Amino acid sequence: MVSAAAVIATLSSPLLAYGQTMEKLTNNAKDLVAPMAGTTDERLEKVATFDHQVTGVTVAEDGRIFVNFPRWSEDVPVSVAEVMTDGSIRPYPNEEWNTWRNSKMSEISPKDHFVTVQSVVADGRGSLWVVDPAAPNSEKTVRNGPKLVQIDLKANAVRRIYLLGPDVAGPASYLNDVRIAPDGAFAYFTDSGVPGGLVVLDLTSGKAWRVLSDDPSTQFEQDVVVQVDGKPLRRPDGRQPLFNADSIALSKDGKTLYWKALTGNTMYRTSTEALQNAPQDPTAVKPEKYAETEPTDGLWIDDQNRIYLSTIQNDGVKILGPDGKVTPLLQDSRLRWPDTFSQGPDGTMYITASHIQDSPWFHQAWTNDSFTLFKFTPLR
């Protein structure tokens, strides 16, 4: 005869293990849900949701909206798209430019197809500019892939391709974002790869050059730790993300360029005249410390020379005034890794949530894939 005590003991052991497992799963679920169940700001309005990770957004002078999907943790079916009025997307400028795939990389030319698009910028003069660092999963660049593509918005066709050679976009580079001079003569990029730096492109001649490459002003700051959800962001092996020059903004008059490393607090600036003349006089480029902020991704300058900051640590937007004071504007738990800004012709601000902290870079799979484009009314 088996005693009742023995039976209870036999049953309780697996039940206890089951209970402990369920408790662990419940706690893990709570950890995942907590960021999504936080603060919301009614000023932040949803414009569209996407099936894949979105980083860049731009709004043309006619109100058309464009976004891009980088080829990071997955092979995306569309790299650049126009967001239609019903929230759907269509490949832009056409399907052919969006046919590059990881599995077909030896079959499709990287020169005239999008490989890994990181940014899209409408210049207000009829062109959409597409930054393609051509580095799937942010790894080694694909040969003949790094480029800036100019698209005619009226014709919906590529006007010019600026290929950036290995002397400018080396095997470990990652061209991140771009700003176009008001007169359309130059383009300025940040390179968040290795080494970090700035890139200047003469849009007339097609010649490009690196500036402040491996300079302290374009590198991550050793003492800065990117935090999300109240704790340091780490990869599964314990490494923290070390992103070099990323955020970029150009003054309205085109005379001053601002930038900072994502893994960094210090914002720098320099004269665009010096950047343009760097091939003849590289010593003339003198980075100036402009402000102390926090880890940020996107920057945007308004007509009052205030700089909007997409702040990673608090899922929010802050504003850096000309006086150096940083003021919170909004905070919303749906802004998981607020990324890129753009301002529409009616003044409305648009911003993407790229969910980098929720990606397979930091987890075994996506923990939150509600990729969204939002809009809000800027500070008056």
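So, salt bridges: the count comes to 16, where a salt bridge is a side-chain nitrogen of Lys or Arg within 4 Å of a carboxyl oxygen of Asp or Glu. Before I go on, a word on what you are looking at: this is a predicted model, in which local features need pLDDT of at least 70 and side-chain atom pairs count only at pLDDT 80 or more, while totals for chains, interfaces and linings use all residues. Residues are numbered from 1 along each chain as its sequence is written, and side-chain values use heavy atoms, with hydrogens and water left out.

Let me start with Asp302 and Arg306. They form a salt bridge whose closest N and O atoms are 2.7 Å apart, and both residues are buried. By buried I mean under 20% relative accessible area; exposed is over 50%, and partly exposed is in between, all with a 1.4 Å probe and protein chains only. Then there is Asp177 with Arg179, at 3.3 Å between the closest N and O atoms. Here too, Asp177 and Arg179 are buried.

Next, please find Glu288 and Arg269, whose side chains meet in a salt bridge at 3.1 Å, N to O. Glu288 belongs to strand β19 (residues 288–292) and Arg269 to strand β18 (residues 266–271), so this pair ties together parts that are 19 residues apart in sequence. When I say strand, I mean a DSSP run of E with at least two residues, numbered from the N terminus. And are these two buried or exposed? Glu288 counts as partly exposed, at 37% relative accessibility, and Arg269 is partly exposed as well, with a relative accessible area of 25%. One more item on this topic: Arg64, Glu82 and Arg90 are joined into one network by salt bridges that share partners.

On to the strands. Have a look at the open sheet of 4 strands, which runs in the order β6-β7-β8-β9 with antiparallel pairing; two strands pair if DSSP finds at least two bridges between them. β6 (119–122) and β9 (157–163) are at the edges with a single partner strand each, so one side of each has no neighbour in the sheet. From one strand to the next, the twist averages 20 degrees, with axes taken as lines fitted to C-alpha atoms and angles running from 0 to 180 degrees between N-to-C directions. Inside the sheet, strand β7 (residues 127–132) pairs with strand β8 (residues 147–152) in the antiparallel sense over 6 bridges. If you want a spot to click on, Asp132 has Lys147 in β8 as its bridge partner.

Now jump to strand β26 (residues 371–376), which is mostly covered, with 5 of its 6 residues buried. Which strands does β26 pair with? Strand β1 (residues 45–50) pairs with β26 in the antiparallel sense over 5 bridges, and Lys46 has Phe374 as its bridge partner there. Strand β25 (residues 349–353) also pairs with β26, antiparallel, over 5 bridges, and in that case the partner of Met349 is Phe376.

Last topic, the empty space. A search of the whole structure finds 1 cavity of 30 Å³ or more. On a 1 Å grid over the protein atoms alone, a cavity is a set of points where a 1.4 Å probe fits but cannot get out; a pocket is an open set with protein on both sides within 12 Å along at least five of seven lines, and lining residues have an atom within 4 Å of a point. The largest cavity has a volume of about 70 Å³. Asp177, our salt-bridge residue, is in its lining, and others there include Gln118, Asp246, Asp297 and Asp339. β10 (175–180), β16 (245–250), β20 (296–301) and β24 (338–343) are the elements that give two or more residues to that lining.

As for pockets, the largest has a volume of about 660 Å³. Of its 30 lining residues, Ala122, Asp123, Ile180, Lys252 and Trp300 are the closest to the centre. β2 (57–59), β6, β10, β16, β20 and β24 each supply at least two residues of the lining. The second largest pocket has a volume of about 570 Å³, and among its 25 lining residues, Ser138, Arg235, Leu242, Phe243 and Trp361 are the closest to the centre. That's my tour, thanks for listening!

Definitions and conventions
Grid points are joined across faces, edges and corners, and a volume is the space filled by probe spheres set on the points.
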